[in-house]
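User: I am new to reading protein models. Please take a close look at one part with me, the charged side chains and their partners.

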Amino acid sequence: MAASVREKQTVALKRMLNFNAPPLKNTTAEPVWKVLIYDRFGQDIISPLLSVKELRDMGITLHLLLHSDRDPIPDVPAVYFVMPTEENIDRICQDLRNQLYESYYLNFISAISRSKLEDIASAALAANAVTQVTKVFDQYLNFITLEDDMFILCHQNKELISYHAINRADIQDTDMESIMDTIVDSLFCFFVTLGAVPIIRCPRGNAAEMVAEKLDKKLRENLRDARNSLFTGDNMAAGQFSFQRPLFVLADRNVDMATPLHHTWTYQALIHDVLDFHLNRVMMEEGAGAEPSPAGARPKKKSRRTYDLTAADRFWQKHKGSPFPEVAESVQEQLDRYRAQEDEVKRLKSIMGLEGEDEGAISMLSDNTAKLTSAVSSLPELLEKKRLIDLHTNVATAILDHIKSRKLDVYFEYEEKLMSKSTLDKSLLDIISDPDAGTPEDKMRLFLIYYITAQLVPSESDLEQYKTALLDTGCDLSPLNYIKQWKAFTKMAATPANYGNSGVKPMGLFSRVMNTGSQFVMEGVKNLVLKQHNIPVTRILDNLMEMKSHPETDDYRYFDPKMLRGSESSIPRNKNPFQEAVVFVVGGGNYIEYQNLVDYAKSKQGKKVIYGCSELFNAAQFIKQLSQLGQK
Amino acid sequence: MTSSIGDVSVCLQGCSSANMAVDITLLFKASVKTVKTRNKAIGIGFDSTKDEIFKRSRPKSGFSPRAKEVISNITKLKDFLLQHRKDYVSAGSLISSDLTRMTDNERDQIDQDAQIFMRTCSEAIKQLRNEAEKKITSTQIKEHRGAVLDLIEKYLRGVCKLYSEQRAIRVKRMVDKKRLSRLAPEHHSRVEKPREVEPVEGKTVKEEGSEKSVSEVLDNTVEHLWEEVRVEDELSPEEIQMFEQENQRLVSEMNNLVDEVRQIEGKVVEISRLQEIFAEKVLQQESEIDNIHQLVVGATENVKEGNEDIREAIKNNAGFRVWILFFLVMCSFSLLFLDWYDS
């Protein structure tokens, strides 16, 4: 896996946009223009990977949604990128009948069935457009890559495969089957794009096991079918430098319920938790009422701003996993550096103004023209840098406001202590009854984490106390019902979710951390330093990758699609530690786990870890799902 | 997806960085055949032949064919430039001539032709753009055409860059060649007996052209040489040496001057480039400044109107006050009158 998943998917998309021919390296090639039509799934897949400018460079003049009103543009080829669902097929047939475009290149995100293909064929025949349908492809790209090493399954319709959908009490077998099929289809596409057949390991007895079985079956069928197999061909030999196959670890959300509720302290996770963050795009409201409006004036309208956090943004790539105070410092530093460069450019201006009429200007010129040229040519770079600094300043300020108003640092510290079972300096009841520490949701999260990580179930009277305190602050207690059930179900006696030794060293209470002149005066916010600790998913991965023996993971099933016969055993055939791994959490994941895995991979030399989940939720959405489950 | 089709085989797209998109076009064509046979069996017929004839006659002077024409022209230009690039750029050595070397005239011809061609292409693009804007079509088509024209312009710019690179290399080589060719006869004039040097020097003077001081110095050297020729028999070795030293000094002086002039040339080119960039930026700002101007004018109008309104209000206020006063005075007078009337 020398190229990351994101690069592979981008390359695949670019090939598709180039009419499925490999793109030429020649920069002055003749432009060929085309129109791109996608549905919502396609839009979600393309938008984190290619910007509008890149689409334009590839010759896409218009990009439109499939189900919008489209006018006929009679002399242009159209590239379709859609899911093979009934309504999409109907719309395509309608387009063919209306003769909207000159030629049609149909690309289906996942494999299309024979009957639907015949539907399109009959519509094409009816419209005499068979020659216009130039190419039909199955792209096998049914997953969304957000980062170099992170992917999710889908963003639209994610309620269908959410944690709630999987763990409902009233779920039917058929529903479960269809959910599993969706998940397996996307995972299959993922491995096809990756170009590798993994070795699958999963725990027993839950949704993850079902997914693993189905995926194994699907991979096996495909491999057996030597003529049509998607995994043979030159790419297997050429694209891989290691002859090892990756390890695919399937985990279920139920193995670790506390991490999604945890309050976070790293930049990317905070943005996801506190602000509106989807598909690498942050949406914020601007102009919140810090200034009182003058009497008689209309109230200021809040404008919504959207920011894209992309791979090209170097600051973002460097700092998305850093703890928040570090981020604030770096933004300040960048701002200072930018101002210094700006000053230099301004100084040149004054120099040029002065020496304009001098006769000795000729000798000065040599130096100054060179400087001026370099300054002018570096202006676009400077402007871009300024834009990014502004972006991060706004985002970080918004986060800081939230932290201060909800006292998120207090929660974070407390939860870390709870999860590492170190001594607590304030009782839980104090925090819950504290009126200005956080929203009711925050308190609910804190209490749930306490409940989940407690070794002994708290006594009835204590529980009643807590419940009344929570009800006083306005929390909804239905998630608690569900967690009680969950705790009873899982084999808590054997393996209490052990969150490892984490230490949190607060660096000075109420310290003004930043140097003076900084915009981020974090008074009252503790500067917390994270010690490296491993959450359960990371530990499971570690055990499996290094072939360590551990009671938690010894019982995991072992699937190898390349073997002739499936076996029930859990004994791995391969005794060497794995170099590459893909971790997939069925039921939903979040950025905290992702960050933890990234840190783990960094600490081990030469290991690559890819993280995936069926959906990405932040704590608020998870609590909503839990309360839905608890109300049944 | 079952693969139970008899004669269809699925092609695999293999390339080194692994995307496995499966081409099922043949599968599609097979489905078309199946559907056709099925329809024939059921008895539904489609009149397929009639429409195909009518469909193929596309409008000859539509937007797209013309755009494609422009692109093919630009491609022709690009091929032409690339084809002759090697000959164009070849460092013609002073000594001599391979047959494939181009003369300078041919090079100039190419330059001129290319420039005319590029100008016509950009004219054509502008024309297309104007037409596209004038015609009333749907927004999507307009957007599409605008984007198409942008792409064509970008392509043209790329090809122009090719051309200007070539030209820059050529100019540089010419300048270098001149420098070399100037020094060479100087060497000759010093080494040989200074008798027949004048014609060569004269030519060198003509080649330089612009630097008057240089040519003056050359003339002086020429005069010196003539003098030398006349009184050659009476020159002593010391004088010869002195003259030689003076020659050397003059040569180095001239070299310095020439270097400085070339530097200035380079700087001027740079400045002109910067000038271009600044002009572009200033033009961009022009529209913004226009906007601001409009806003300011609007604001002054509003302020003026506001002043008028305030003046009105003051007047009304004053008038109102007068009436109140009048009313009060009348009331008090009437009271006094009634009081006087009563008593």
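How many helices and strands does chain A have? And which residues are linked in a network of salt bridges?

Analyst: Start with the frame. This is a predicted model. Chain A has 22 helices and 17 strands. The chain runs to 632 residues, and 55% of them count as buried. Its exposed area is about 27,900 Å², with 53% supplied by carbon and sulfur atoms. Now look at contacts with a separation of 6 or more in chain A. Residues 24 or more positions apart account for 79% of these.

Next, the charges. Over all chains, the structure holds 32 salt bridges. Your network links A:Asp273, A:Arg406, A:Asp442 and A:Arg445.

Take A:Asp442 from that network. This residue lies in helix 17 of chain A, which spans residues 440–453. A:Asp442 has a relative accessible area of 0%, so it is buried. Which residues does A:Asp442 contact, leaving aside its neighbours within four places in sequence? They are A:His263, A:Arg406, A:Leu408 and A:Tyr411. A:Arg406 is also a member of the salt-bridge network.

Now turn to A:Asp273, another network member. A:Asp273 is one of the buried residues in helix 10 of chain A. Helix 10 covers residues 267–274, and 8 of its 8 residues are buried, so the helix is largely enclosed by the rest of the structure. Among the others buried there are A:Tyr267, A:Leu270, A:His272 and A:Val274.

Now for single pairs. Begin inside one helix. The side chains of A:Asp216 and A:Arg220 form a salt bridge, at 3.0 Å from N to O. Both residues sit in helix 8 of chain A, residues 207–224. They are 4 residues apart, about one turn of the helix. Why does that spacing matter? In an α-helix there are 3.6 residues a turn, so residues three or four places apart point the same way. Both A:Asp216 and A:Arg220 are buried.

Compare a pair from distant parts of the chain. A:Asp560 and A:Arg245 meet through their side chains in a salt bridge of 2.6 Å, N to O. These two are 315 residues apart. A:Asp560 is in the loop between strand 15 (557–559) and strand 16 (580–586) of chain A. A:Arg245 is in the loop between helix 9 (234–239) and strand 9 (247–252). Both A:Asp560 and A:Arg245 are buried.

One more pair joins a helix to a loop. A salt bridge brings together the side chains of A:Asp542 and A:Lys604, at 3.6 Å from N to O. A:Asp542 lies in helix 20 (residues 536–545) and A:Lys604 in the loop between helix 21 (591–603) and strand 17 (608–613), so the pair ties together parts 62 residues apart in sequence. Are these two buried or partly exposed? A:Asp542 has 10% relative accessibility and counts as buried. A:Lys604 is partly exposed, at 26%.

Finish on the surface. A:Glu86, A:Glu87, A:Asp90 and A:Asp119 gather there in a patch of negative charge. Helix 4 of chain A, residues 86–98, gives the largest share of that patch, 3 residues. A:Glu86 has its place in helix 4. With a relative accessible area of 47%, A:Glu86 is partly exposed. Set that beside A:Asp442, which is buried at 0%.

Key:
Residues numbered from 1 in each chain as written. Chains lettered and ligands numbered in written order. Predicted model: local features only at pLDDT ≥ 70, side-chain atom pairs only at ≥ 80, totals over all residues. Heavy atoms only, no water. Salt bridge = Lys/Arg side-chain N within 4 Å of Asp/Glu carboxyl O. Buried < 20%, exposed > 50% of the residue type's maximum accessible area, 1.4 Å probe, protein only. Contact = heavy atoms within 4.5 Å. Patch = residues over 30% accessible without salt bridge, like charges linked within 9 Å, V, L, I, M, F, W, Y side chains within 5 Å. Areas by Shrake-Rupley, 256 points an atom, 1.4 Å probe, with all protein chains shown as cover. Lys, Arg positive; Asp, Glu negative; His and termini not counted. Charge placed at Lys NZ, Arg CZ, Asp CG, Glu CD.
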